[in-house]
Amino acid sequence: MIIGVDIDDTLTDIRDEVGAAALKYAQSLNKDIDETKVVWDKNNNGSSFKERYNFNYDELLYFFGNIQENITKKAKPREDVVDVIKKLREDGHKIYIITARDSEFHNNPYELSKTWLNKNNIEYDKLIVDARDKAKICREQNIEIFIDDKLSNCLQISNENIVTIRITNYTEQHQNIVNKKNWKEIYEYIKQL
């Protein structure tokens, strides 16, 4: 099978660190912040940070291109992810890394992603960046299983009748999305398919 996998908060777990950095940056700019506001970044364009932390476009560019990018460069892979991805490839599956990291917010999202994947020994068959519309990319690339952390991406991909696994501690059910807490659980689920 062709398995699509997101990077940020799927191969890594940087959500809390990025959130704390966004709050600190917003506070340094004396922004009016509403951290309780639940915002979905449905278009993978940073709108949730813009709304929650009141960033203007230039501030958003700086945040993603500098602060968030530095966090992603230093991020460690989630527990067991390196071994599970390796096992999936040994089992004959192809791994396509599909990330919304894009050239609007990063100087070279392909190189940024490739460098991190190689540094952390994450095996893959194809790397796709600038993937804001992950459902469209999944259709075009014939993805049969997709793994992501973001509910909005998972909902859109699930609507394409693609097996969608969300790595999350949440247990609420949404459509046909399969919730798994860690990469060992993800591997066992895929093995059963």
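**Exercise 1. Find which strand is joined to β4 by four bridges, and then describe the surroundings of β4 in this predicted model.**

Step 1. Strand β5, which covers residues 163-167, runs parallel to β4, and four bridges join the two strands. Within this pairing, the residue of β5 that stands opposite Phe-146 is Thr-164.

Step 2. Strand β4 itself spans residues 145-148, and three bridges join it to β1, with the two strands running parallel. Here Ile-145 of β4 is the bridge partner of Ile-3.

Step 3. In a regular strand, side chains alternate between the two faces of the sheet. For β4, one side carries Ile-145 and Ile-147, while the other carries Phe-146 and Asp-148, and since all of these are buried, both faces of the strand are covered.

**Exercise 2. Work out how β1 and β2 are placed in the sheet, and name the strands joined to them.**

Step 1. Begin with β1, made up of residues 2-5, in which Ile-2 and Gly-4 lie on one side and Ile-3 and Val-5 on the other; all four are buried, and both faces are covered.

Step 2. Besides the bridges to β4, strand β1 has four bridges to β2 (residues 94-98), and these two strands run parallel. Two pairs of residues can be picked out in this arrangement: Tyr-96 of β2 is the bridge partner of Gly-4, and Val-5 stands opposite Ile-97.

Step 3. Strand β2 is also joined by three bridges to β3, residues 126-128, again running parallel, and in this pairing Ile-98 stands opposite Ile-128.

Step 4. Because four of its five residues are buried, β2 is largely enclosed by the rest of the structure.

**Exercise 3. Identify the residues with the most contacts inside the largest nonpolar core, and follow one of them to its neighbours.**

Step 1. The largest nonpolar core has 41 residues, and the ones with the most contacts inside it are Val-5, Leu-11, Phe-49, Phe-63, Ile-97, Ile-147 and Trp-183. Helix α1, residues 15-28, supplies the largest share of this core, namely six residues.

Step 2. A separate core of twelve residues lies apart from it, and this one includes Ile-98, Ile-128, Ala-131 and Phe-146.

Step 3. Now follow Val-5: when residues up to four places away in sequence are not counted, it touches, among others, Leu-11, Ile-97, Ile-147 and Trp-183.

**Exercise 4. Describe helix α3 by its span, its bend, its cap and its buried residues.**

Step 1. Helix α3 runs from residue 57 to residue 74 and so has 18 residues; from its first C-alpha to its last it reaches 25 Å, close to the 26 Å expected at 1.5 Å a residue. The helix nevertheless bends by about 35° at Gln-68.

Step 2. At the N-terminal end of α3, Asn-56 acts as a cap, with a side-chain oxygen 3.0 Å from the backbone nitrogen of Asp-58.

Step 3. The buried residues of α3 are Glu-59, Leu-60, Phe-63, Phe-64, Gln-68, Glu-69, Ile-71 and Thr-72, and the helices they pack against are α1, α2 (47-53) and α5 (109-119).

Step 4. Lys-74 also belongs to α3, but this residue counts as exposed because its relative accessibility is 59%. Its C-alpha atom is separated by 8.3 Å from that of Trp-116, although the two residues are 42 residues apart along the chain.

**Exercise 5. Decide whether Asn-153 and Thr-99 are buried or exposed, and list what each one touches.**

Step 1. Asn-153 is found in helix α7, which covers residues 151-158. The cut-off for a buried residue is under 20% relative accessible area, and because the relative accessibility of Asn-153 is 1%, this residue counts as buried.

Step 2. With residues up to four places away in sequence left out, Asn-153 touches Asn-44, Lys-134 and Asp-148. The side chains of Asn-153 and Asp-148 are joined by a polar contact of 3.1 Å.

Step 3. Thr-99 lies in the loop between β2 and α5, and its relative accessible area of 1% is why this residue, too, is buried.

Step 4. Leaving aside neighbours within four places in sequence, Thr-99 is in contact with Asp-6, Ile-7, Ser-113, Ile-128, Val-129, Asp-130, Ala-131 and Lys-134.

Key: Residues are numbered from 1 along each chain as its sequence is written. This is a predicted model: local features need pLDDT of at least 70, side-chain atom pairs count only at pLDDT 80 or more; totals for chains, interfaces and linings use all residues. Side-chain values use heavy atoms; hydrogens and water are left out. Buried means under 20% relative accessible area, exposed over 50%, partly exposed in between (1.4 Å probe, protein chains only). Two strands pair if DSSP finds at least two bridges between them. A nonpolar core is a set of buried Ala, Val, Leu, Ile, Met, Phe, Trp, Tyr and Cys residues joined through side-chain atoms within 4.5 Å. Contact means heavy atoms within 4.5 Å. The bend at a residue is the angle between axes fitted to the seven residues ending there and the seven starting there. A polar contact is a pair of N or O atoms within 3.5 Å; within protein, one must be able to donate a hydrogen and the other to accept it, and residues adjacent in sequence count only if both atoms are side-chain atoms.
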